[in-house]
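Got the model open in your viewer? Keep the selection box handy and follow along, one stop at a time.

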Amino acid sequence: MNKFAIGCGGLVVIVLFIAFIIALFFGGTYNRLVRSQQSVDQQWAQVQNVYQRRADLIPNLVNTVAGAANFEKSTLVEVTNARASVGRVQLDPNKAPSDAAQLQEFQAAQGQLSNALSRLLVVVERYPELRANQNFQSLQAQLEGTENRIAVERGNFNSVVQSYNVAVRSFPTNMIAGMFGFSPRPFFTAAAGAERPPPVQFNFASPAPAASPVASP
């Protein structure tokens, strides 16, 4: 009887020990997934911050450019409309999107704004008085810095998403991820030429090219 009791007691200890190890594994894995998901959301907030910074610069940029005589109004309208399109894409600034279509819509709207800004700054090249404007030069420098920050923060976001997705899809973590609703997150995709931020720098010190002499008849 004593041997049987001792044997049962030993079996209970073994079962409890195994249950304890499993609980530790589940708890540790769950906590790692939570921390990884929080890192993704925090980096998404950084991405949103730099994009918002760019959007905040646009009204002053448009107002400054609009003051130039005979400036192409269609270019300003394009920038204004592109900024409005960005504002219509509603995403939680503190939680990274889980729907790839939502992120693609956000990226497309931001890309449209980037293209409109690039065209605006190209047109500015034809207006020497605007290029010499100190307010415009300051805005151009801020925009250049913001574009660089956007590229950096997007890269950081993709890195943390990649780490999170690897954890979510790896065995045996994927079993716990599935049980508690952790799913892979989409990340930014690079368009052709997107490995560098849009060029927004001008050579303000360079004089305008001299006009070619008109040949005598």
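Start by selecting Thr146, which touches Val50, Arg53, Arg54 and Leu57, leaving aside residues up to four places away in sequence; contact here means heavy atoms within 4.5 Å. Thr146 sits in helix α5. Helices (H or I, at least four residues) and strands (E, at least two) are DSSP runs, numbered from the N terminus. Is Thr146 buried or exposed? With 7% relative accessibility, Thr146 counts as buried. The cut-offs are under 20% relative accessible area for buried, over 50% for exposed and partly exposed in between, using a 1.4 Å probe and protein chains only.

A quick word on what you are looking at. This is a predicted model, where local features need pLDDT of at least 70 and side-chain atom pairs count only at pLDDT 80 or more, while totals for chains, interfaces and linings use all residues. Residues are numbered from 1 along each chain as its sequence is written, and side-chain values use heavy atoms, with hydrogens and water left out.

**Across to Arg53**

Now click on Arg53, over in helix α1. Arg53 and Thr146 are 93 residues apart in sequence, yet their C-alpha atoms are 7.1 Å apart in space. Besides Thr146, Arg53 touches Gln142, again not counting residues up to four places away in sequence. At 38% relative accessibility, Arg53 counts as partly exposed.

**Along helix α5**

Select residues 134–169 to light up all of α5. Its 36 residues should span 52 Å at 1.5 Å a residue, and the end C-alpha atoms are indeed 52 Å apart; the expected span is 1.5 Å times one less than the number of residues. At the N-terminal end, show the side chain of Asn133: one of its oxygens lies 2.8 Å from the backbone nitrogen of Asn135, capping the helix.

Further along α5 you come to Tyr164. What does Tyr164 touch, not counting residues up to four places away in sequence? The list is Leu33, Ser36, Gln37, Val40, Phe182, Ser183, Pro184 and Arg185. Tyr164 has 0% relative accessibility, so it counts as buried. Try a distance from Tyr164 to Gln37: 6.7 Å, C-alpha to C-alpha, with their positions 127 residues apart in sequence.

**The ring cluster**

Next, show Trp44, Tyr51, Phe106, Phe157 and Phe188 as sticks; ring pairs link them into a cluster. The structure holds 10 aromatic pairs. Rings of Phe, Tyr and Trp (its six-membered ring) pair if their centres lie within 6.5 Å; planes under 30 degrees apart count as stacked, over 60 as edge-to-face and the rest as tilted.

Zoom in on Trp44 and Phe157: the ring centres are 5.5 Å apart and the planes are at 55°, so this pair is tilted. Trp44 belongs to helix α1 (residues 2–66) and Phe157 to α5, so the pair ties together parts that are 113 residues apart in sequence. Trp44 is buried at 0% relative accessibility, and Phe157 is buried too, with a relative accessible area of 0%.

**Beyond α5**

Follow the chain on to Pro172, in the loop between α5 and α6 (173–179). Check the peptide bond from Phe171 to Pro172, which is cis, with omega near 5°.

**Over to helix α3**

Select residues 100–124 for helix α3, whose 25 residues reach 36 Å from first C-alpha to last, close to the 36 Å expected. Asp99 caps the N-terminal end of α3, with a side-chain oxygen 3.0 Å from the backbone nitrogen of Ala101. While you are in α3, pick Ser118. Ser118 counts as partly exposed at 23% relative accessibility. Ser118 and Val79 are 9.5 Å apart, C-alpha to C-alpha, and 39 residues apart in sequence.

**Zoom out**

Back to the whole chain: the protein has six helices and zero strands. Buried residues make up 33% of its 217 residues. Of the contacts with a separation of 6 or more, 82% are between residues 24 or more positions apart.

Finally, colour by pLDDT, the predictor's confidence in each residue, from 0 to 100. The protein averages 84, and 83% of the residues score at least 70. Then select residues 192–217, where the pLDDT is below 50; this stretch has 20 contacts in the model beyond near neighbours in sequence. Among the elements, α5 has the highest mean pLDDT (95) and helix α4 (residues 128–131) the lowest (85).

Key: Polar contact = N/O pair within 3.5 Å; in protein donor to acceptor, adjacent residues only side chain to side chain.
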